[in-house]
Amino acid sequence: MSSYGVDHLPGLPGSITVCEVGPRDGLQNESGLIPVEAKVELVERLVDAGHTVIETTSMVHPKWVPQLADAEEVLRRVDRKPGVRYPVLVPNRRGLDRALDLGVTDIAVFGSVTESFSTANLNRSVAESLEMFAPVVARAREAGLAVRGYLSMCWGDPWEGEVPIFRVVDVATKLLRLGCTELSLGDTIGVATPGRVAGLLDALIAAQIPVGRIAVHFHDTYGQALANTLTALQHGVTTVDASAGGLGGCPYARSATGNLATEDLQWQMDGLGVRTGLDIDKLADTSAWMAKELGRPSPSRAVRALTGA
Ligand code: MG
């Protein structure tokens with residue numbers, strides 16, 4: 001906890017849930033293969049730091065994401081604690097079967113609101129991707145699972161530029177109709193600014209999408225992630241995606257995605273008196289350890305300030 005004082009701002013929730021995406025969204029972008037022991041330790045240390053939602057791995061085919069080819073082993077080895085959710089990304093029916101066999105209770109499907117990214121990432125149009133998700137979501141819900149639907153490129157797309165709000169509203173509405181229990185709005189290339197965040201959230205809420213079902217997933221590519229998060233909280237959002245130490249945002253890779261660092265978020269929430277259940281010192285120590293494992297400094301400002309890592 002920061003010892004520099006706490007002052008509340010009006011219009012913010014008393015508490016939020018941080019959805020930690022480092023072990024999946026962060027590590028999947030790492031080129032050097034990370035040993036399964038380190039992945040398991042990362043997840044367990046993050047739980048020890050207070051996390052209750054940790055996206056742990058992905059059932060995507062190892063051909064596409066070799067880094068997460070050990071998904072089953074990670075899930076088997078992590079000491080899953082009661083009261084903690086360990087969501088797993090599932091691309092299709094087969095992935096869902098594998099997840100169910102391992103006793104997974106939370107899954108996520110990864111969609112796009114733009115045709116360009118849907119084609120590049122899933123080799124399917126947006127409509128075809130929703131057709132692919134339909135039986136997966138239905139079967140998961142029948143089995144009592146929670147299902148998060150990711151919407152990537154909500155505020156901008158590298159091929160299409162600005163993304164019209166109606167497209168996001170359309171895909172969001174369809175994912176909820178399929179049975180998704182939560183929607184995560186992704187600023188995949190980090191181009192959003194607070195006014196545009198407000199505009200999209202207002203439109204989604206006006207389209208009867210319950211704000212309690214909306215999570216935000218900001219990337220810090222242009223340094224806007226915290227400002228965008230604060231705006232989302234002022235609009236009633238209470239679930240925020242973040243990545244331990246900013247994993248996924250390798251400052252030396254051209255494909256830097258720049259996930260919002262959990263510690264940067266936590267510093268702000270601590271100062272605002274918004275409860276997360278997270279211990280910033282434990283988070284920062286964990287990220288400093290992970291940075292050492294990866295052989296480069298953490299891109300998180302808070303991790304560097306707190307640990308010198
Ligand atoms: Mg991300």
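Biologist: Does His219 count as buried or exposed, and at what relative accessibility?
Modeller: In this predicted model, local features are taken at pLDDT of at least 70 and side-chain atom pairs at pLDDT 80 or more, whereas totals for chains, interfaces and linings use all residues. Residues are numbered from 1 along each chain as its sequence is written, and side-chain values use heavy atoms, without hydrogens or water. Buried means under 20% relative accessible area, exposed over 50% and partly exposed in between (1.4 Å probe, protein chains only). By that criterion His219 is buried, because its relative accessibility is 4%.

Biologist: Which protein donors does the magnesium ion have?
Modeller: Donors are N, O and S atoms within 2.8 Å of the metal (3.2 Å for Na, K and Ca), and sites may look incomplete because water is not among the atoms. Along the chain, the donors of the magnesium ion follow the spacing D-x191-H-x1-H-x39-N. Lying 2.0 to 2.2 Å from the ion, they are Asp25 (OD), His217 (NE2), His219 (NE2) and Asn259 (OD1).

Biologist: How many residues apart are His219 and Asn259?
Modeller: Both are protein donors of the magnesium ion. His219 sits in the loop between strand 7 (214–217) and helix 9 (225–234), whereas Asn259 sits in the loop between strand 8 (239–242) and helix 10 (262–272); helices (H or I, at least four residues) and strands (E, at least two) are DSSP runs, numbered from the N terminus. The pair therefore links distant parts of the chain, and Asn259 is itself buried, since its relative accessibility is 5%. The separation of His219 and Asn259 along the chain is 40 residues.

Biologist: Which residue in strand 8 stands opposite Thr17?
Modeller: Strand 1 (residues 17–20) and strand 8 run parallel and are joined by 4 bridges, two strands being paired if DSSP finds at least two bridges between them. Strand 8 also pairs with strand 7 in the parallel sense, over 2 bridges, and there Ala215 stands opposite Thr239. For Thr17, the residue opposite in strand 8 is Thr239.

Biologist: Which residues of strand 8 point the other way from Thr239 and Asp241?
Modeller: In a regular strand the side chains alternate between the two faces of the sheet. In strand 8, Thr239 and Asp241 point one way, and the residues on both sides are buried. Pointing the other way are Val240 and Ala242.

Biologist: What is the bridge partner of Leu183 in strand 7?
Modeller: Strand 6 (residues 182–186) is mostly covered, with 5 of its 5 residues buried; Glu182, Ser184 and Gly186 point one way, and Leu183 and Leu185 the other way. Strand 6 pairs in the parallel sense with strand 5 over 4 bridges, where Tyr150 has Ser184 as its bridge partner. Strand 6 and strand 7 likewise pair in the parallel sense over 4 bridges. There, the bridge partner of Leu183 is Ile214.

Biologist: What is the phi of Met153, about how many degrees?
Modeller: Met153 lies in the loop between strand 5 (146–152) and helix 7 (165–178). Met153 counts as buried because its relative accessibility is 2%. Although Met153 is not a glycine, its phi is positive, at about 65 degrees.

Biologist: Is Gln208 buried or exposed, and with what relative accessible area?
Modeller: Gln208 belongs to the loop between helix 8 (194–206) and strand 7. Its phi is near 70 degrees, a positive value in a residue other than glycine. Gln208 is exposed, because its relative accessible area is 68%.
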